[in-house]
Amino acid sequence: MQTPVGTIDRQQGRGSLAPAVETGKGYVMAATGAQSLLRRIAEALERLAPPPAEPVDPESAEAFVWDAARHRLTPVPHVNRVPLSLLKGVAPQRDALYDNTRRFAAGLPANNALLWGARGTGKSSLIKSVHAAVNASDEGDHLVLVEVHREDIATLPALLDHLAGTRARCLLFCDDLSFEGDDASYKSLKAVLEGGVAGRPGNVLFYATSNRRHILSREAIENERAAALMPGDAVEEKVSLSDRFGLWLGFHHVDQGTYLEMVDAYAEAAGLATDRDTLHAEARAWAAQRGDRSGRVAWQFIQEMAGREGRRIALA
């Protein structure tokens, strides 16, 4: 007698097809449970994470630091600077940078500026002091100073996008700018220096300081030449970056007379009681010990003397 096929199928189904169906249900349930678990983890992380930062209006303060990690501006409550009148030995550089900055504040054409030269000669101090002096003069729109750290140069396009939509006239400032041979972040700087299709926004100007005239180190330039198939072209792109600054201002070590002039200006502003002859003798000994004469050395000497006299210094 022929056994009904259906019976055999049902019996085999209990042994073969049923487990497949049950396994399928288990897979669906497991997947659903995993999704639920991931959702709960994500919700927990959102509760632990800080709330998104509110956008900062560039016009709400006179100076900011660009926070590249969070892509936002952090207000600076007090800018570390000295009055422009106290910066001695840099009169030509001071006048050129002040005039360029004044034109930018007035909405007139102005150049990006590279302040290059020896360490401690007043490059960054001049930028901060000129910014304050132009704002105090009321010769144009209020300028906002935005400091960009050297390691954050690659995020400049994001900063430009942030500033392009504001009315504020912004002076970007990068201290001690330099690039090594394997550093490609210099390409982001070209967008600020009018090298890109869009160029920089009309309300943005870029000032940088560097110990190197061409920003790229000599060692890096030689390495590029040695490794390149076309040595001239390999280096030209990076060296030409400094050429994109329309205003170049050189800073150099000063002679003893200029150094003592710096000391006298700082001493008067700090209200030191030490007589001039003693002050100069001490200042010369201080410079000899440091092996250098510069604005930074003069300022450090004044801090030493003020400390000896028990005086606090408040210049700005």
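The largest pocket is lined by 31 residues. S124, S125, K128, R296 and W299 lie nearest its centre. A pocket here is an open set of points on a 1 Å grid over the protein atoms alone, where a 1.4 Å probe fits, with protein on both sides within 12 Å along at least five of seven lines; lining residues have an atom within 4 Å of a point. The volume of the largest pocket is about 730 Å³.

This is a predicted model: local features need pLDDT of at least 70, side-chain atom pairs count only at pLDDT 80 or more, and totals for linings use all residues. Residues are numbered from 1 along each chain, and side-chain values use heavy atoms, without hydrogens and water.

The lining holds twelve nonpolar, eleven polar and eight charged residues. At least two lining residues come from each of α3 (123-137), β6 (204-210), α8 (256-270) and α10 (295-309). Helix α3 gives the largest share, four residues. Helices (H or I, at least four residues) and strands (E, at least two) are DSSP runs, numbered from the N terminus.

L38 is found in helix α1 (residues 5-48). L38 counts as exposed because its relative accessibility is 57%; exposed means over 50%, buried under 20%, and partly exposed in between (1.4 Å probe, protein chains only).

Two loop residues other than glycine have positive phi.

| Residue | Phi | Loop between | Relative accessibility |
|---|---|---|---|
| H71 | near 55° | β1 (63-67) and β2 (72-75) | 43%, partly exposed |
| D176 | near 60° | β5 (169-174) and α5 (186-192) | 43%, partly exposed |

Key: Grid points are joined across faces, edges and corners, and a volume is the space filled by probe spheres set on the points. Ala, Val, Leu, Ile, Met, Phe, Trp, Tyr, Cys and Pro count as nonpolar, Asp, Glu, Lys and Arg as charged, and the others, Gly among them, as polar.
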